[in-house]
Amino acid sequence: HPAKIVSGTMLGRALQEAGLAGILKEKDLYQFTDDTLLDFLLREGPLLTSSLAQQIASRRLYKPIRKFTESDFLAVQAQNYRSDPVKASLDKVGEPQARRDFEDHLAAEVGAEPGDVLVYAPPTKMNSKVARMQVLWKGRIRSFGDIDDPVIAPRLKEIVRAHELLWGIQIFVKRDLSEQQISLIRA
C-alpha cells in the first residue's frame, strides 16, 4: 500500500536520526507500541526525528514524486551493457548511511533541508514473498511457487512476475517543497 511505504520510509529516517543522536537503540524498540514510539520520537528525538514523527502522527505524509522501475533500469542498461544499473543504484542507496547521504545531497542541491527528500530502495527480491508462501497442495505443504500443475503453474508464474514488476526505487518529498524543487529532484 503506498501510504504504508511512505510512512515506513519516514519512520525509518526518523529512527535512523534517533539512533545517530544516541537516544534510541534497536533493543529499545521492543518496549514501544506504534503510538508510544511516535510519542517518544516527538518528545525525545532530535529536530528531524520529531518533525518526521509529527508529520506521521498528523497524517501529513511525504509526496511520492518518482518511481524508478525495472523498465527504467533496463533502458539505462540498453545504453551500456557493461553496467548493472540496478546494482549500482542499490549500492548508492541500499544501505542506511549511504541512502541518508544521498537524500541529504539531493535536498541540498535544491535548497531543501536534510530529511526533506527520502528514498525507498527495497531489495529486488522484496516482492518474491508470495512465491515462498506455504500452501497445502495435494495433501502436502509446499511453496506457492513450486506448484507444478499444468493448468495452475503458468498462472502462478504470471502472479509471481506481476509481483516482481511492483519493485522500484521511489523518491518522496516533504509536501511544502516548491514545484521547481520537485522538478529538479525528479531530473
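**Helix 1 against helix 2**

I began with how helix 1 passes helix 2, and found a left-handed crossing. I was working with a predicted model throughout. Next I looked up the geometry: helix 1 covers residues 2–20, helix 2 covers residues 34–44, and the two pack at an angle of about 50° with their axes 11 Å apart. That angle makes helix 1 oblique to helix 2, since it falls in neither the band under 35 degrees nor the one from 65 to 115.

Which residues meet where these helices pack? From helix 1 I noted Leu-11, Ala-14, Leu-15 and Ala-18, and from helix 2 I noted Leu-37, Leu-38 and Leu-41.

**Salt bridges**

I then turned to charged pairs and counted nine salt bridges in the model. I looked at Glu-17 and Arg-100, which form a salt bridge with their closest N and O atoms 2.6 Å apart. Glu-17 sits in helix 1 and Arg-100 in helix 6, so this pair ties together parts that are 83 residues apart in sequence. Is Glu-17 buried or exposed? I found Glu-17 buried, because its relative accessible area of 10% is under the 20% limit.

I followed the pair outwards and found a network of salt bridges that links Arg-13, Glu-17, Arg-100, Glu-103 and Asp-104.

In helix 2 I checked Arg-43, whose side chain meets that of Asp-39 in a salt bridge at 3.0 Å, N to O. The two are four residues apart in helix 2, so about one helical turn separates them. Arg-43 also forms a salt bridge with Glu-44, where the closest N and O atoms are 3.3 Å apart. For accessibility I wrote down three values: Arg-43 is exposed at 53%, Asp-39 is partly exposed at 37%, and Glu-44 is partly exposed at 41%.

**Arg-99, a charge without a bridge**

I went back to helix 6, residues 96–109, to find Arg-99 there. Arg-99 is buried and yet has no salt bridge. How far away is the nearest side chain of opposite charge? That side chain is Glu-103, and I read 4.2 Å for the distance. The pair does not count as a salt bridge because the cut-off is 4 Å. I had already met Glu-103 as a member of the network with Arg-13, Glu-17, Arg-100 and Asp-104.

Leaving aside neighbours within four places in sequence, I listed the contacts of Arg-99 as Lys-92, Val-93, Gly-94 and Val-119.

**Strand 3 and the loop after it**

My last stop was Val-135, in strand 3, which runs over residues 134–137. Val-135 is buried at 18% relative accessible area. Its contacts, again without neighbours within four places in sequence, are Arg-140, Ile-141, Arg-142, Phe-144 and Ile-147. I also took the C-alpha to C-alpha distance from Val-135 to Gly-145: the two are 10 residues apart in sequence and 9.6 Å apart in space.

I then moved to Lys-138, which I found in the loop between strand 3 and strand 4 (140–143). Is Lys-138 buried or exposed? Lys-138 counts as exposed, because its relative accessibility is 66% and the cut-off is 50%. To close the entry I looked up Lys-138 and Glu-179, which are 41 residues apart in sequence and 56 Å apart in space, C-alpha to C-alpha.

How values were computed:
Residues are numbered from 1 along each chain as its sequence is written. This is a predicted model: local features need pLDDT of at least 70, side-chain atom pairs count only at pLDDT 80 or more; totals for chains, interfaces and linings use all residues. Side-chain values use heavy atoms; hydrogens and water are left out. Buried means under 20% relative accessible area, exposed over 50%, partly exposed in between (1.4 Å probe, protein chains only). Lys and Arg count as positive and Asp and Glu as negative; His and the chain ends are not counted. Contact means heavy atoms within 4.5 Å. Axes are lines fitted to C-alpha atoms, for helices over the stretch in contact, and angles run from 0 to 180 degrees between N-to-C directions. Angles under 35 degrees count as roughly parallel, over 145 as roughly antiparallel, 65 to 115 as roughly perpendicular and the rest as oblique. A crossing is left-handed if the near helix is turned anticlockwise from the far one by less than a right angle, and right-handed if clockwise.
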